[in-house]
Amino acid sequence: MPRAASGKSFRGGSLEALFSLRAADAAPSLSVHEKDGAVRCLACGHRCLIRPGRRGVCKVRHNEAGKLRVPFGYVAGLQADPVEKKPFFHVLPGSIALSFGMLGCDLHCGYCQNWMSSQALREEDAGTEVRPMSAAEIASAAVWSGARLVVSTYNEPLITAEWAAAVFAEARDRGLLCGFVSNGHATPEVLEYLRPVLDLCKVDLKSFDDRQYRRLGGRLAPVLDTLERLAGMGVWVEVVTLLVPGFNDGEKELKAMAGFLAGLSPDIPWHVTAFYPQFRMTEPRPTTAADLLRACDIGRDAGLRHVYAGNLPGRVGGRENTLCGACGALLVERRGFHVMRQRVNGGMCPDCGVSVPGRWVSRQA
């Protein structure tokens, strides 16, 4: 869970605590005016038609007198994290990422680990604190903390894209990399809007079955389209699949998922991570190390060069380490979020000299 930013208290079910902090209009490219004062929001795959006085599925983008208003100027979580926690394994290993987040999400996953912030406007039991903060203040906090990148996370960053773009503009001026931790339920319009300021994106590929995605409040097609577009845009992409027994761990589904990713690029890192019962999904058993290793083998058999097992540090053999895709040399040795050894030099394998896919040099270099 993110560390709550000290400030104004917020409880689920009411927006009064946010109205004074949320004053920005949506970017023109992220909304379309329809008849009778309605606005079509283009920030996520729902493409909500929002009528005056109403909110979108995310609960945080709303129509005020025919104008789309969006979250801006506050944080609900701000914390310096290891970049491996995001997880980004091919981005500046061992460095610090300043993570920031707001409230709200366009999905309602029953296993969400950040539900206190992402579901704060749906769940009466959710509660966190919000704090007014400027984009420049966040970027300066990143520099002060020694971070080499800033990451929009904790809630779904697509629905707060305007705020992320403002923060990223300030961060890039300070030489920092900028990234999303996202469900990938995007639109082409929001990806084009973010293209100038987005260096990295971790996408959750939650299933390869549209029926399961609809249980979570979304659709599979926009996520697959997002992955294709991000890869084509030159954004560095890493993919995470939380392996939930009985939900998305069937061999056929995992083969389809891995095959799709390998078809985009065999260099895309795929993280298969362990599920623990929580929030509203308490019936499936916890994922075992054997479950993760089986999924890793499926990914490698599909042609993916970098497949990782997560959330069970020290119990998955070498599946937390990065190996050279050409010669197999150990490049980065990890245990959980800790980097034990890092041998990548200027983005190259020190043994065979082949370029290692990822972002190994910061903007400051």
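These are my notes on one strand, its neighbours and the largest pocket in a predicted model.

**Strand β12**

I started with β12, residues 149–152, and asked which way its side chains point. L149 and V151 go one way, while V150 and S152 go the other. That fits the textbook picture, since in a regular strand side chains alternate between the two faces of the sheet. Buried or exposed, I wondered, for these four? L149, V150, V151 and S152 are all buried, so each has under 20% relative accessible area.

**Its partners**

Next I looked up what β12 pairs with. Strand β10, residues 96–101, runs parallel to β12 over four bridges. I checked one contact there and found A97 bridged to L149. Strand β13, residues 177–182, is also joined to β12 by four bridges, again in the parallel sense. Here I noted V150 standing opposite C178.

How do I get from β12 to β13? Helix α4, residues 161–173, is part of a β-α-β unit with these two strands, and I logged the unit as right-handed.

**The largest pocket**

Then I went for the pocket. I got about 1100 Å³ of space for the largest one. Its lining counts 45 residues, and K86, Q113, N114, K202 and D204 sit closest to the centre. Which elements give two or more residues to this lining? I wrote down β13, β14 (200–204), β15 (236–243), β16 (270–274) and β17 (307–310). So β13 turns up twice in my notes, as a parallel partner of β12 and as a contributor to the pocket lining.

Last, I sorted the lining by class: 21 residues are nonpolar, 16 polar and eight charged.

How values were computed: Residues numbered from 1 in each chain as written. Predicted model: local features only at pLDDT ≥ 70, side-chain atom pairs only at ≥ 80, totals over all residues. Heavy atoms only, no water. Buried < 20%, exposed > 50% of the residue type's maximum accessible area, 1.4 Å probe, protein only. Pairing = 2+ DSSP bridges. Right-handed = clockwise from strand over helix to strand, strands pointing away. 1 Å grid on protein atoms, 1.4 Å probe; cavity = no way out; pocket = protein on both sides within 12 Å on 5 of 7 lines; lining within 4 Å. Points joined across faces, edges and corners; volume = space filled by probe spheres on them. Nonpolar A, V, L, I, M, F, W, Y, C, P; charged D, E, K, R; others polar.
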